[in-house]
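Got your viewer open? Load the model below and keep the selection box handy.

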Amino acid sequence: MSHTRDTLIGKSVPRPDAVAKVTGAAQYTDDISLPNMLHGALLRSPHAHAFIRKIDTSRARALAGVKCVITGQDVPAVKYGNWRLVPALQDETALATDRVRFIGDEIAAVAAIDRETAERAVELIEVEYEELPGVFTVEEALAEGAPAVHEEHQDNISLTRDIDYGNVERALSEADLVLEDTFSTHPVSHVYMEPCSVVARTDTDGRLTVWTSTQTPYYIQCLLARTLGVRENDVRVIKPHVGGGFGGKMELRPWEFAAAWMARQTGRPVKITIDRQQELAAGRRRHPVVITSKIGFKKDGTITGKEVTARLDGGAYNGMGPTATFLIGNFSAMLYKVPAYRYRGIYVYTNNPPAGAMRGFGAPQALFAGEMQMNRAAEALGIDPIELRLRNAMETGDEIPGVARISSCGLRTCLEEVRTLSNWNERRAASAPGEGLGIACYSFISGGVFNWFNTKYPFSSAEVKVFDDGTAQLTTLAADIGQGSDLILPQILAEELGLRVEDIRLVTGDTAACPQSDLGTWGSRVTLMAGNAVRDAAKKIKDELFKVVSLKLGLNVIHEIECGHGTIYAKSKPGKGIPFAEVVQMAQLANRGEPIRATGYYTPRDVGLVSPAFSFGAQVADVRVDLDTGVVEVAGMYTVHDCGTELNPMAVEGQLEGSIQMSLGYALSEELVMHRGRTLNTTLLDYKIPVALDMPPSVSKTVETFEPGGPFGAKEAGEGLACPTAPAIAHAVHEATGYFCRNLPIRPERILEHLDRRAR
Amino acid sequence: MRLPDFDFHVPTSLEEVFDLLDEHAGAAMLMAGGTDVLPSLKLGRRTCSHLIWLKRVPGLDGLAYDDTEGLNIGATALLEDVRVFPATREHYVALSDAIRDLATPQTRAKGTVVGNICNASPCADTATPLLVYGARVRISSRRGTRDVPLEDFFRGPRRTALELGDIVERILVPKPAPGERAVFLKFSPRSKVDIAAVNVSVGIRLVGGIIERARVFLGTVAPTPVRAPRTEAVLAGARPDLRLFERASGTAREECAPITDHRATKEYKTHMVGVLVRRALERLVVQA
């Protein structure tokens, strides 16, 4: 009875935008040039902490070619932030009013006939500062009598988050082994290929249109409307091609506000493009975190309980910090069955540039600490690190009380497979000095459940129209920033309607054209949430079309109807279908000409506080350490991961390669070097991202599970993979040299110091 | 990050270069490939109001070799051209290796050896091999032409022996004596494409199994590339073996005085000088 039709699920369909991107045809925000367009520039604070006593813009205004100069005095001081649910957490204004809190804090903006003039005018703005003492580490900020970054928070603690279940005291007292360790992580930049850019224009009808390099057009629309004092529908946000975001482009930014304000004021379009130096000096970065973790084990390796404290260096403003503070707590109790757990996360203000969301969002830090500690425990217990993980691994159906339920989990299989793939047992037994294998695991979310943005709309929406020429149009605000949703969502729709991917036309990235709403690209939410919305719309379309097919074929009511090969047919009689185009034509006729269209929605409900689904994986790093120089060479990476159904293996592979590149940098070479709030390495000459030559060979394998909450069983792929690489490399370095890294990045100096100490 | 305003001059003869240097004394800067000059202007590390581009001056791109004069590298000869020049590969392996490890293919296809030297960065990759080979810098001006040993050319970070009105016309590298060979080694811990944290060049002349003389130059560990005379003295007249290399390595460590920066700590750079000197010697002797 069963009939298998061709499926697009699991097919490596190539990306439709690839050619345009590699040939330079794809248009990014900075490529946009409008008639009469002005160019903007920003004045940023040279001080980490100061009062602004006086701003004199007269010389800047007097410069020929300058059309507009604004400061915090000229615009409403509306505080904004992504955490609309808790207005007290919205602590930022687009331009500083009376005080600057980090080096790079935006103070004023200029629009002029060209960029050179705008930048020259910025230099002519005179600001009188009264410098204030600053705090630059979590310890300094929390010290007694430390200067306060924000008046409202004299202790520099913006917020705390707690998770608590089971009896942790008893769990630790009953343990045979208790380990307590403190780990710290460092600030790194997203280094998205496309630095931020915005173009704003007031339309003839008064509506504001903003093209911007963003992951979240809907947030920009809402927050821009609020800061400008207009209605949401008075702002139209368009997302052109975006060259990566990795979490760094998911908030309203001062340049978006400034360009919009100046466009309104001058009646001319305004463009502001941020350069790499500003991106590195003042841009959002991954939170540096100090994590103290105490964990108990029975002799046989069973975890009895865990207690974790995390102190995040948030920099000058909250940004997405409240979410990170919670997620570190969540990820510190993932992967393994932890019967008793207590977490306290503390978000600390400092006078460093604000941190923000970045690929993995809390998980890279939490899992660096957690996985390094697991490896230390394995050594102390005399149990193989993979074996120790297998004894504690989460399984489908596990729960974190009050927080999350694990609806699918392939972690055990991942561990077993990576052991085989990396030849773990033999290689470990035979490793020479300076060689080592290391392991770490990850778990990650497939989108966030908690409505911190306080949207009144569904989390994801998709409108589908079908045409009598056998094509369909998908309209959605789901934002492709390079991850490939402009391929995956049409692929899902094509699968549903039995069409080819090239039969689907896509309209996206325009708040005025797309259905309300989509929360944007973050937290690996798009495939699951927008994918489910697409399926919901497709189902509604199919309900319409199937009526016609049933009628036309005179089907008994017990028949199942299916789409495939461009036709619609009774499942038991696949050869006797009606062409899709013809069905649409008939349905439209029956509808007295009205087009066949439907909008589908998805909002996660009753799935805990965190995410509807969790992915898992295990990764082994194979390293060689030069014992003379301490230099770590990663000779190979072995990855086995569970992303549910793999919708498009080529896309998943791209994610995996990218995450290894990024995490290699996190582990070994990248670091924003800070001195009293100043970022010292502000060029890519000095901020070292790994290049193609640095990439290790990599072997990977996917463990297929089926995620009931995901489209066709799919869940997150690629973001969680940003987590295991650093601890896997650090563990391998430990095996190779004895050096146990507690503070990232892994530096050759520290390895040598360790070797020297050991030699003495 | 934007370029400051400057007048861009494209002279087509040395005379014209001299005229421009006279006319804009103190406000002019010379540029060949621009791979150092333009970024430093953009970053505000240097300023100038007149930029003189040398690429259209005939003859400055010359690259020649003969057995008596040695290697002759013109002011606008490209790094990549020098690297693949047969004589470089045959007689000046340390130089071609240094260029191979310098920046990216794009930079090597635009930048010049003379520019790398005139930029006077303590970590310039071509500096230490040219020093080991005893290169001289031919400086021209309206006043005439003079040759300055490269050792005397570097005066500090970004500072050279060039005076107002001077231009480096070419670099002359004598042919190595029979039995004389040199090795360049560079170390950058963070990436395969990186500025050196430490670079060294070591040259020795082996005669009858004895190191007749040695030349050792260290980059990035002082305001200029520096010679390590005590290390050379340890090596001179000695029979090469691992214990000797260990001693030379220790002496080189004592002889350098690097600073801590965001690339590496001074302790680590010092350690690395020792490692690189030892490895260079090992390589030289294995090759022999």
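Here is a short tour of a predicted model, one selection at a time.

**Stop one: a helix.** Select residues 254-266 of chain A, which make up helix α7. Put a distance between its end C-alpha atoms and you should get 18 Å; that agrees with the 18 Å expected for 13 residues at 1.5 Å a residue. Now show the surroundings. Of the 13 residues, 10 are buried, so α7(A) is largely enclosed by the rest of the structure. Among the buried ones are A:W255, A:F257, A:W261 and A:M262. Step off the end and you land on A:G267, with a positive phi near 75°.

**Stop two: a strand.** Move on to residues 270-273 of chain A, strand β12. Turn on side chains: A:V270 and A:I272 point one way, A:K271 and A:T273 the other, and all are buried. Which strands pair with β12(A)? Add β1 (residues 38-44) of chain A, which runs parallel to β12(A) over two bridges; look for A:H39 opposite A:K271. Then add β9 (residues 197-202) of chain A, paired with β12(A) in the antiparallel sense over four bridges. There, A:A200 stands opposite A:V270.

**Stop three: the core.** Which residues have the most contacts inside the largest nonpolar core? Pick out A:V110, A:A258, A:A259, A:L493, A:I729, A:V733 and B:V202; the core itself has 319 residues. Its largest share, 12 residues, comes from helix α15 (residues 526-553) of chain A. Two of the residues on that list, A:A258 and A:A259, are also buried residues of α7(A).

**Last stop.** Centre on A:V733. Leaving aside neighbours within four places in sequence, its contacts include A:G436, A:V623, A:Y739 and A:I751.

Methods
Residues are numbered from 1 along each chain as its sequence is written. Chains are lettered from A and ligands numbered from 1 in the order in which they are written. This is a predicted model: local features need pLDDT of at least 70, side-chain atom pairs count only at pLDDT 80 or more; totals for chains, interfaces and linings use all residues. The expected span of a helix is 1.5 Å times one less than its number of residues. A residue is buried if 20 or more other C-beta atoms lie within 10 Å of its own, exposed if 12 or fewer, and partly exposed in between; C-beta atoms are placed from the backbone. Two strands pair if DSSP finds at least two bridges between them. A nonpolar core is a set of buried Ala, Val, Leu, Ile, Met, Phe, Trp, Tyr and Cys residues joined through C-beta atoms within 7 Å. Two residues are in contact if their C-beta atoms, placed from the backbone, lie within 7 Å.
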